[in-house]
Amino acid sequence: MSLLEIKNLSVNFSILNGSVKAVDDISLNIGAGETVAIVGESGSGKSQTVLAALGLLAENGVASGSVKFEGQELIGLERKKLNQIRGNQISMVFQDPMTSLNPCMRISDQMTEVLTLHKGMSKSEALLESVRMLDAGRLPDAKQVITRFPHELSGGMRQRVMIAIALSTEPKILIADEPTTALDVTVQAQMLELFKGLTKDFGTALILITHDLGVVAGIADRMMVMYAGRLVEKGTVDELFYSPHHPYTFGLLHSTPHVDNPEMRLEPIDGLPPSLENLPSGCAFNPRCEFKLDRCLVEAPPLIKSANGRSNACFYKGELVKRRKAGE
């Protein structure tokens, strides 16, 4: 049984001129110990998908569809019951730890607050547990770090603190939103090793939101690729990395450096993601796609599941090969 099962999730935001659909009919599931990566450029709907699942949308956002945690429906669940799950059974590490941590409170106060609220610990018990969690997160000199304010810590240390806070309630699911952004490569590698240990040692399910395919390659089991609010391809990491079926996935892979082939020429995807307020007709990716067909200009391809379990939303069925432009 899946820990989290999302079916046909859509998110609409009210704006001055009407509404925009930020997430369009997304489905996913994740079980204990699994890591699922949701990838795509900024504005693709990655973060809004999980925020909707946790009931954390902005006031002008409305979610529809189904989100079930261990069989219990979360969409429409009263806030008190949702809070018992959110932050306790499901925790989230937000993208920028500097804005997520209260700059006016010491790390000790922020960590113990979570444990006294969700676990009913005394202040002294919560303090001891907080130090233990920082040690588990491989943060050097945890007893000193916990006495400091956020601005006194490096980016990597703040990220570890956020992860320790998220894990202090021993959640069954951890959601990490761009957890390695703005970290140097050494700290990134340490973060990934920490996540691997969580899924292996504690059976924690991990949903990783990122635009960095290098991060995905080293940690995820399955990958979902989003573009303009829609799911365009999903499958195992090996399947999508070695044999992408959607031109957008193909483009992302060719614009990412490869450690095993550092001399490979990077090929950026031409153009920019579309505005959700003014999506092109047909396939939203067609203005940037070098493989588009005539029908792509007028018809949006449905997400089709193949016999091996992969899913792909594209009319083009030929081989995906980078084409040299004139003069190159």
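Axes are lines fitted to C-alpha atoms, for helices over the stretch in contact, and the angles between N-to-C directions run from 0 to 180 degrees. The exercises below concern a predicted model.

**Exercise 1. Describe the protein chain as a whole, from its secondary structure to its extent in space.**

Step 1. Begin with the elements: the secondary structure of the protein chain comes to 11 helices and 12 strands.

Step 2. Turn next to the radius of gyration, which is 21 Å, close to the 20 Å that the globule rule gives for 328 residues, so the protein chain is as compact as a globular protein of that length. Along the principal axes, the C-alpha atoms fill a box of roughly 65 × 50 × 40 Å.

Step 3. Finally, consider burial and contacts: 47% of the 328 residues count as buried, and among contacts with a separation of 6 or more, 63% are between residues 24 or more positions apart.

**Exercise 2. Work out the strand order of the open sheet of eight strands, and find which strands stand at its edges.**

Step 1. Reading across the open sheet, the order is β6-β7-β8-β3-β9-β10-β12-β11, and the pairing is mixed.

Step 2. The edges are taken by β6 (90-93) and β11 (304-305), each of which has a single partner strand, so one side of each is left without a neighbour in the sheet.

Step 3. For one pair in detail, take β7 (residues 173-177) and β8 (residues 205-210), which pair in the parallel sense over five bridges; here isoleucine 173 stands opposite alanine 205 in β8.

Step 4. Now add the helices that lie across these strands. Helix α1 (residues 46-53) lies across β3 (35-39), β6, β7, β8 and β9, and runs at about 140° to β8, while helix α8 (residues 185-202) lies across β3, β7 and β8, at about 165° to β7.

**Exercise 3. Describe how strands β1 and β2 are joined.**

Step 1. Strand β1 (residues 4-15) and strand β2 (residues 18-30) run antiparallel and are joined by nine bridges.

Step 2. Two residues lie between β1 and β2, and the two strands form a hairpin. In this pairing, leucine 4 is found opposite isoleucine 30 in β2.

**Exercise 4. Explain why helix α11 is described as largely enclosed.**

Step 1. List the buried residues of α11, which are Pro247, Tyr248, Thr249, Phe250, Gly251, Leu252 and Leu253.

Step 2. Seven of the eight residues of helix α11 (residues 247-254) are thus buried, so the helix is largely enclosed by the rest of the structure.

Step 3. To see what encloses α11, look at the elements against which its buried residues pack, namely α9 (213-217), β9 (222-227), β10 (230-236) and α10 (237-242).

**Exercise 5. Decide whether alanine 228 is buried or exposed, and find its contacts.**

Step 1. Alanine 228 lies in the loop between β9 and β10. Its relative accessibility is 9%, and since buried means under 20%, alanine 228 counts as buried.

Step 2. Leaving aside neighbours within four places in sequence, alanine 228 is in contact with Ser44, Pro274, Leu276, Leu279 and Ala284.

Step 3. The C-alpha atom of alanine 228 is also separated by 7.9 Å from that of valine 23, although these residues are 205 residues apart along the chain.

**Exercise 6. State how many disulfides the structure holds, and examine cysteine 314.**

Step 1. The structure holds zero disulfides. Cysteine 314 is accordingly in no disulfide, and the nearest cysteine sulfur, that of cysteine 296, is 6.0 Å away.

Step 2. Cysteine 314 is buried, with a relative accessible area of 11%, whereas cysteine 104, at 66% relative accessibility, counts as exposed.

Conventions
Residues are numbered from 1 along each chain as its sequence is written. This is a predicted model: local features need pLDDT of at least 70, side-chain atom pairs count only at pLDDT 80 or more; totals for chains, interfaces and linings use all residues. Side-chain values use heavy atoms; hydrogens and water are left out. Two strands pair if DSSP finds at least two bridges between them. Helices (H or I, at least four residues) and strands (E, at least two) are DSSP runs, numbered from the N terminus. Buried means under 20% relative accessible area, exposed over 50%, partly exposed in between (1.4 Å probe, protein chains only). Contact means heavy atoms within 4.5 Å. The radius of gyration is taken over C-alpha atoms; the globule rule is 2.2 Å times the number of residues to the power 0.38. A disulfide is a pair of cysteine sulfur atoms within 2.5 Å.
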